[in-house]
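Thank you for making time for this today. I would like to walk you through one structure, beginning with a single residue and then widening the view.

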Amino acid sequence: MLQLNYRDGRPIYEQVQEGLRRLLVTGAIAPGEKLPSVRQLAAELAINPNTIQRAYETLEQQGYVYSVPGKGSFAADGDEIRENRKKALLAQLDTLADQLMELGVTPEEIAAHCAARKEEKRK
């Protein structure tokens, strides 16, 4: 399910969060499906349950999962997940585009770069 890289510079909770986000966005965890309990996932990954709890809380704040008291955490609706992720990534793109334009890169160059990237992905 999830793999941690202890050589990665990111904190463990961010790796857990990103791994779960990827599983949710790709549909590997279906909408409405129950996520492993905090204790269960912590035991599987051999890490502190507080680390898992932090990742779950962040994912809930971002709209990827929802909690039912006494029942656990569940995957949110797939369309909603993709829309939330799209909004977050577009906000990051706005920030990057602003920084690139401050460096003198034109909007046309940014668009051309995106088009070239799309072509690379097709191959």
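Let me begin in the loop between helix 2 and helix 3, which is where Ala46 sits. Please keep in mind throughout that this is a predicted model. Ala46 is not a glycine, and yet its phi is positive, at about 55 degrees. To put that in context, most residues other than glycine have a negative phi. Is Ala46 buried or exposed? With a relative accessible area of 65%, Ala46 is exposed, since the cut-off for that word is over 50%.

Ala46 comes just after helix 2, so let me step back into that helix. Helix 2 runs over residues 38-45, and within this stretch Val38, Leu41, Ala42 and Leu45 are buried. Why can these residues be said to line one face of the helix? If you look down the axis of helix 2, its buried residues fall within an arc of 100 degrees, and therefore they line one face. The general background is that an α-helix has 3.6 residues a turn, so residues three or four places apart point the same way.

What covers that buried side? The cover over the buried residues of helix 2 includes helix 1, residues 12-26, and helix 3, residues 49-61. On the face of helix 2 that is turned away from the buried side, we find the exposed residues Arg39 and Ala43.

Now for the wider view. The protein contains 5 helices and 2 strands, and if you read along the sequence they follow the pattern α-α-α-β-β-α-α. As for overall dimensions, the C-alpha trace spans about 50 × 35 × 30 Å along its principal axes. The radius of gyration is 18 Å, whereas a compact globule of 123 residues would have a value near 14 Å.

Of those 123 residues, 29% count as buried. If we take the contacts between residues at least 6 apart in sequence, 49% of them join residues that are at least 24 apart.

Finally, a word on the surface and the charges. The protein exposes about 8,500 Å², and carbon and sulfur atoms supply 51% of that area. There are 17 positive and 18 negative side chains, and the centres of these two sets lie 6 Å apart.

If you take one picture away with you, let it be helix 2, with its buried residues lining one face, Arg39 and Ala43 exposed on the face turned away, and Ala46, with its positive phi, just after the helix.

Key
Residues are numbered from 1 along each chain as its sequence is written. This is a predicted model: local features need pLDDT of at least 70, side-chain atom pairs count only at pLDDT 80 or more; totals for chains, interfaces and linings use all residues. Side-chain values use heavy atoms; hydrogens and water are left out. Buried means under 20% relative accessible area, exposed over 50%, partly exposed in between (1.4 Å probe, protein chains only). Helices (H or I, at least four residues) and strands (E, at least two) are DSSP runs, numbered from the N terminus. The arc is that of the directions from the helix axis to the C-beta atoms. Contact means heavy atoms within 4.5 Å. The radius of gyration is taken over C-alpha atoms; the globule rule is 2.2 Å times the number of residues to the power 0.38. Accessible areas come from the Shrake-Rupley method with a 1.4 Å probe; for residues, only the protein chains shown count as cover. Lys and Arg count as positive and Asp and Glu as negative; His and the chain ends are not counted. The place of a charge is taken as NZ of Lys, CZ of Arg, CG of Asp or CD of Glu.
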